[in-house]
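Let's take a friendly walk through this model, looking at two backbone spots and then at a pocket.

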Amino acid sequence: MLGAGGAGLARGLRAVTQAWLRGSRGRSVVLARAAGPPGTGDSRRRAGPGPGGRGLSLSAAAVVEAAPRPVQPYLRLMRLDKPIGTWLLYLPCTWSIGLAAEPGCFPDWYMLSLFGTGAVLMRGAGCTINDMWDRDYDKKVTRTANRPIAAGDISTFRSFVFLGGQLTLALGVLLCLNYYSVALGAASLLLVITYPLMKRVTYWPQLALGLAFNWGALLGWSAVKGSCDPSVCLPLYFSGIMWTLIYDTIYAHQDKKDDALIGLKSTALWFREDTKQWLSGFSVAMVGALSLVGVSSEQTAPYYAALAAVGAHLARQIYTLDIHRPEDCWDKFTSNRTVGLIIFLGIVLGNLWKQKKTDETKKKIDYVIEN
């Protein structure tokens with residue numbers, strides 16, 4: 001019996017290893033079914049950027065695959081198998097919450113967890129809205145024909161009911177905040193609903209996505225402080241929008257041929273061969289706005305060191321980008337999670353450094369008084 005169990009375990013390990021290897025190349029069955037050909041995205045048929053980083057995406061996809069069969073279409077509808085979109089929605093919230101922390105203190109962990117829950121729910125709701133709007137487009141494209149609504153796994157009515165459930169849970173999270181933040185958060189719903197339509201009417205749907213996806217830059221600060229400080233929140237919101245224009249334009253280059261055939265629009269189609277110049281301009285604007293945030297919030301050396309690292313990361317990302325290779329666009333797109341995490345780390349360390357500077361200042365004052 002032990003021998004049989006060992007053989008079964010060995011077979012299981014081989015199966016897991018093979019699945020991991022397939023997933024690491026973007027060819028797992030789950031990812032292929034949810035996102036189409038490897039290295040491609042779905043910029044025009046989602047409320048947020050598409051599939052997640054390879055390690056996390058595989059893990060999330062495995063969890064969805066292990067869920068009960070009747071539940072899986074709903075989990076795929078809210079993109080739980082592709083967490084990068086949730087990361088990109090969540091990270092601007094963490095920046096704002098971190099900046100709102102008291103000098104020398106870590107960010108509010110309760111707020112970070114609350115906003116993390118809200119990011120999962122709102123990203124899922126946005127994707128559901130997106131797929132409801134685009135179900136006819138999805139049916140015409142092989143890569144998206146297996147989406148739950150387009151494939152008929154979930155009816156339009158059931159997806160509407162599911163959307164109501166997600167929004168209800170998200171409202172429950174929102175009601176945990178102060179009244180100012182409740183009103184501010186509710187105001188973002190219009191952006192969430194209308195974003196999927198923008199690709200039909202303008203070449204700048206990525207701008208509409210940026211407006212929606214970075215609302216947390218405003219909401220995080222107000223949730224901690226009770227209201228927004230324009231000198232900090234507005235440049236932070238602007239920097240997030242510039243960041244979205246960078247990563248989602250790169251992402252859109254994967255879909256530009258399909259977009260042109262179907263008649264949808266994107267910044268990738270608008271910028272064409274001038275994409276790198278545009279992305280460079282967005283990067284300068286992003287880092288400049290974040291520098292202004294640092295001045296307004298009295299940030300310290302670790303924060304500005306993080307900005308330098310972000311600038312270098314973006315410069316390399318743009319310089320090495322090949323807009324004609326979907327696989328390269330995919331790699332550059334997913335690397336933006338690292339950009340967001342570097343900024344958050346810089347904010348946290350910069351805030352802790354404030355306490356050190358304050359202590360040193362007090363010691364100098366005491367020394368002057370004593371002498």
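Is Arg-272 buried or exposed? Keep in mind that this is a predicted model. Arg-272 has a relative accessibility of 55%, so with the cut-off for exposed at over 50% it counts as exposed. Its place in the chain is the loop that runs between helix H15 (267-271) and helix H16 (275-296).

Arg-79 also sits in a loop, this one between helix H4 (72-77) and helix H5 (84-100). With a relative accessible area of 2%, Arg-79 is buried. Each of these arginines has a positive phi although neither is a glycine, and the table puts their values side by side.

| Residue | Phi | Relative accessible area | Loop between |
|---|---|---|---|
| Arg-79 | near 60 degrees | 2% | H4 and H5 |
| Arg-272 | near 50 degrees | 55% | H15 and H16 |

Now for the pocket. The largest pocket has a volume of about 610 Å³. Its lining is made up of 29 residues, and those closest to the centre are Gly-118, Met-122, Gly-185, Ser-188 and Leu-219.

Which helix gives the most to this lining? That is H6, with 7 residues. Several helices each supply at least two lining residues, among them H5, helix H6 (109-133), helix H8 (156-174) and helix H9 (179-187). Helix H10 (189-201), helix H11 (205-213) and helix H12 (216-225) also each supply at least two.

By residue type, the lining of the largest pocket divides into 22 nonpolar, 6 polar and 1 charged.

Note on methods:
Residues numbered from 1 in each chain as written. Predicted model: local features only at pLDDT ≥ 70, side-chain atom pairs only at ≥ 80, totals over all residues. Heavy atoms only, no water. Helix = DSSP H or I, 4+ residues; strand = E, 2+ residues; numbered from the N terminus. Buried < 20%, exposed > 50% of the residue type's maximum accessible area, 1.4 Å probe, protein only. 1 Å grid on protein atoms, 1.4 Å probe; cavity = no way out; pocket = protein on both sides within 12 Å on 5 of 7 lines; lining within 4 Å. Points joined across faces, edges and corners; volume = space filled by probe spheres on them. Nonpolar A, V, L, I, M, F, W, Y, C, P; charged D, E, K, R; others polar.
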